[in-house]
Structure formats: structure tokens, C-alpha cells
Amino acid sequence: MCRQRRLIWHGGCGPKGLFVRCVARDRLQGRNCPALPRVGWQRVKQDAGIKLNEDVMNRFNEMKICKKGHARKKFIFLHLNSTEEFLVLDDSQECQQQRTTDPYQQLLTLLPEKKCCLVIYDFTYDTKESLNKNELVLILWCPNGASMKQKIQFTSTMNMVKTKLSLKSTIQSNDQEDLSIKSIAAVLGTDVIAVEGTSV
């Protein structure tokens, strides 16, 4: 019986993450050998070995503690450096955020079509108890046009960032529909009635 298998990548990055399926190598090559039982879908859990740059930690702390007289940062973009060893700040995106009265819509226009990235956004929302709250949320952006390599790298790095920064909520997205106000509200809590000034 043929016992050798290999992994083939299938599907994409979404609410259930990135998955692979194990199949018989010899059957892929068209050889006549007995079928092997299906191994099933397996979530990719390997750590990509990517680290968080110290500047990211410093900028994140600035978001949490807004000093008097300074504008509160609404979001920061994280991408891979040239050696793909560190997640670093993408200042080219961040510098545009103060030029609009609707920072969340501005964020959506800045999301790349063919590259993955991580975004930390400071959401403002209202609850049924008439409370106005803020929460820093980690967003994984994995567009369909991105390479499979990038999807694997960012998906496997997301939990590391969440843990390092002690973030409560995360969102995985393939397109902007995944980032609708209604979707954001579902992540923030069942009692949310408005996000970023927009009713749910």
C-alpha cells in the first residue's frame, strides 16, 4: 500500500483560518495504488518565526495612552520588513489617517488589494446601556489577490501579535464585507448599538 503523502494548499484565509488537506502523493501522480483514507482538514498552527519590531510596541503604547494635547491615533498598519523576519510599522499608510473626519472609511481605502497586513484599530462604540467605549482590535487583512506564502505568514503570526499586545478581539478578513460595521459590532459585543458613530 502507498503510505507517502504530501500537503497541498487549498482555500484561503477567512473566519476559520488557513487550512491544508493531506492527500496521497502517488495518487496525485496518477499511479494505480490503493486509496488512502482521507486525513481531513488541518488548521495551520505553525509559528512562522516572525517577530514584532520594538517600534510597534512603542507606537501601540502611544495608542493606549494618549498624552494631553496630542491627537489620538486611530490605527496603525503592520507589514513585513524586507527580510521577512519582523513585523514593522507602515508609516506610509499611517500618515494619512488624520486627513479625514471618518478614519474608519479612510482605513478601508488604504487596505492593499494584493498584499496581506495587520491593522490595529481603536474602535469607538456605544452600548444599549448608553455607554461610550473604546477597544483596540487586531485586524488580519488577507485579500484573495495576496500570495499563498503571505497568507500563511500573516495567519500564523496573528496570535503572536495578539498575545504580545494583550489584545482581546481579532478580526480575520478577505474583503471589505468582512469589515462592515455590522461585522465589527458582532466582535465587540452583543450589546453594541453603534460603531464609529454608525448605528448597527
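**Three salt bridges and two positive phi angles**

Biologist: Let's start with Ser130: why does Ser130 count as exposed?

Modeller: Its relative accessibility is 69%, and exposed means over 50% relative accessible area, with buried under 20% and partly exposed in between (1.4 Å probe, protein chains only). Ser130 therefore counts as exposed. Before we go on, note that this is a predicted model, in which local features need pLDDT of at least 70, side-chain atom pairs count only at pLDDT 80 or more, and totals for chains, interfaces and linings use all residues. Residues are numbered from 1 along each chain as its sequence is written, and side-chain values use heavy atoms, with hydrogens and water left out.

Biologist: Thanks! What is notable about the phi of Ser130?

Modeller: Phi is positive there, about 65°, although Ser130 is not a glycine. The residue is in the loop between strand 7 (117-127) and strand 8 (132-141); strands here are DSSP runs of E with at least two residues, helices are runs of H or I with at least four, and both are numbered from the N terminus.

Biologist: How many salt bridges does a search of the whole structure find?

Modeller: It finds 3. The criterion is a side-chain nitrogen of Lys or Arg within 4 Å of a carboxyl oxygen of Asp or Glu.

Biologist: What makes Glu62 and Arg59 a salt bridge?

Modeller: Their N to O distance is 3.8 Å, which is within 4 Å, so the pair qualifies. Both sit in helix 2 (residues 54-64), 3 residues apart, so they are separated by about one helical turn. Glu62 is partly exposed at 44%, whereas Arg59 is buried at 18%.

Biologist: And how do you know that Lys74 and Glu196 form one?

Modeller: The closest N and O atoms are 2.9 Å apart, so this pair also meets the cut-off. Lys74 is in the loop between helix 2 and strand 5, and Glu196 in the loop between strand 10 (192-195) and strand 11 (198-199), 122 residues apart.

Biologist: Why is Lys74 called buried?

Modeller: Its relative accessible area is 14%, under the limit for buried, so the label fits. Glu196 counts as buried too, at 19%.

Biologist: Which residue does Glu84 meet in a salt bridge?

Modeller: Lys149, at 3.1 Å, N to O. Glu84 lies in the loop between strand 5 and strand 6 and Lys149 in helix 5 (residues 148-164), so the pair ties together parts that are 65 residues apart in sequence.

Biologist: What makes Glu84 partly exposed?

Modeller: At 34% relative accessibility, Glu84 falls between the buried and exposed limits, so partly exposed is the right term. Glu84 also has a positive phi, near 60°, in a residue other than glycine.
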